[in-house]
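Got the viewer open? Here is a short tour, one selection at a time.

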Amino acid sequence: MRTTNEGALAGRESLGRATLSTRLIFLVSGIGMSAWAPMVPYAKSRLGLDDAQLGLILLVFGGGSMASMPFVGWLTHRFGNRRVIVASGLLLCLALPALALAPSALLLTAALAYFGVMLGVVDVAMNAHAVEVEKLDGRVLMSGFHGLFSVGGLTGAALMSALLAIGLPLAWSAAVLAGLLAALVLFLRGGLLAGASEAEGHAAFGIPRGLVLLLGLLCFVSFMAEGSMLDWSAVFLRDFRGFAASSAGIGYACFSIAMALGRLTGDRLVQRVGTVWTVRAGAALAAAGFALVSSVPWAPLSLLGFVLIGLGASNIVPVMFSAAGRLPGTSPAVALATVTMLGYVGLLSGPALIGFLSKITSLPLAMAAVAVLLAVVSASARIVRR
């Protein structure tokens, strides 16, 4: 009996380390991705790029991520989630100095493509690993994992900006941050689950269909809503609510903080109300936020609307990722690759679609159209039932 109890205790400790390591890998990914943001103006100035040239180069980042995702299922099938996470995490760190040092537009494009590929591999593999941990633990954990990614997104930009503010050259700032992240990835390696990927017994590649495709399309809408906040919230506040250009970014700040808080508390919410009602109520709340922003011409209520959007959208993607990873007869990595890729399509193409719609109507009406799409997500919430 003592041996059995000791084995159970060791198993709980191992699972606890795996849970903590997974949280911190999400944090590392968020820091690594957002560290690029403060480097953008330096790259633009160093290479003499105009806005159009920079915009085209930035598209390569998202394109690289999407191009890598269909292959992650094969990688985790062949090597397991832990090896893929550690290898791609270390390779991701190498991208930061490369981005800081790229001496030409062509090499910057290549570095951004490499950066996007590595981030896409890490993204899918860490979510597949998170599904494994969640299954073994028996509790809802995915929202908390994504909450740490959001915290990492805020932390990475702040750390890089702080290094630059104290006078450290851009290349050295990128190298310092990359070294710290690489050391953290190596430290966390021992805590990640050593077992083979859940892809065992399933095909390493697959054509999106059925529930996987439906989940992906719903994630497309949710990511589209997030992308519209990033690209259009400041423009909306400046042009339609009278904010000065210098303060119009407060709308996205309200959205980001609300989303991070919503994800950090999301696991308890999902445990209490269930996955279906989390998606149903969350999408409805985000839709209400978009409706409030687009229809009420009073600046404080617009900011409230951005908070509602952040809170409502915060747990939709984590719940859908968890649902995709649990679909029977499908490799979690393959399903997550499909859902994540369609989500990225929404993140990248959604703001452009909103721009096109606002050109033929108006930006408030384009925002209202996102509210309608989120209402469809709310009505389709039963798809995530376990």
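**First stop: a helix pair**

Select helix H8 (residues 210-240) and helix H13 (residues 316-325): their axes come within 10 Å and cross at roughly 160°. Angles over 145 degrees count as roughly antiparallel, so H8 runs roughly antiparallel to H13. Keep in mind that you are looking at a predicted model. Now turn the view until one helix lies over the other; H8 passes H13 in a left-handed crossing.

Next, show side chains. Which residues of H8 and H13 make the contact? On H8, pick Leu215, Leu218, Cys219, Ser222, Phe223 and Glu226. On H13, pick Ile316, Val317, Met320, Phe321, Ala323 and Ala324. Colour that selection by class and you should get 10 nonpolar, 1 polar and 1 charged residues in the contact of H8 with H13.

**Second stop: the two domains**

Zoom out and give each domain its own colour: domain 1 covers 2-189 and domain 2 covers 211-384. If you drop a marker at each centre, taken over C-alpha atoms, the markers for domain 1 and domain 2 sit 22 Å apart.

Now go to where the domains meet. How many residues of domain 1 are in contact with domain 2? Your selection should hold 26 residues from domain 1, facing 25 residues from domain 2. Between them, domain 1 and domain 2 bury about 2300 Å², with 71% of it on carbon and sulfur atoms.

To finish, stay on the domain 1 side and select Met66, Val140 and Ser143. These residues lose the most area to domain 2, together 24% of what the domain 1 side buries.

Note on methods. Residues numbered from 1 in each chain as written. Predicted model: local features only at pLDDT ≥ 70, side-chain atom pairs only at ≥ 80, totals over all residues. Heavy atoms only, no water. Axes fitted to C-alpha atoms, helices over the stretch in contact; angles between N-to-C directions. Helix = DSSP H or I, 4+ residues; strand = E, 2+ residues; numbered from the N terminus. Parallel < 35°, antiparallel > 145°, perpendicular 65-115°, else oblique. Left-handed = near helix turned anticlockwise from the far one by under 90°. Contact = heavy atoms within 4.5 Å. Nonpolar A, V, L, I, M, F, W, Y, C, P; charged D, E, K, R; others polar. Domains from an automatic or database assignment. Buried area = accessible area lost by both parts, 1.4 Å probe.
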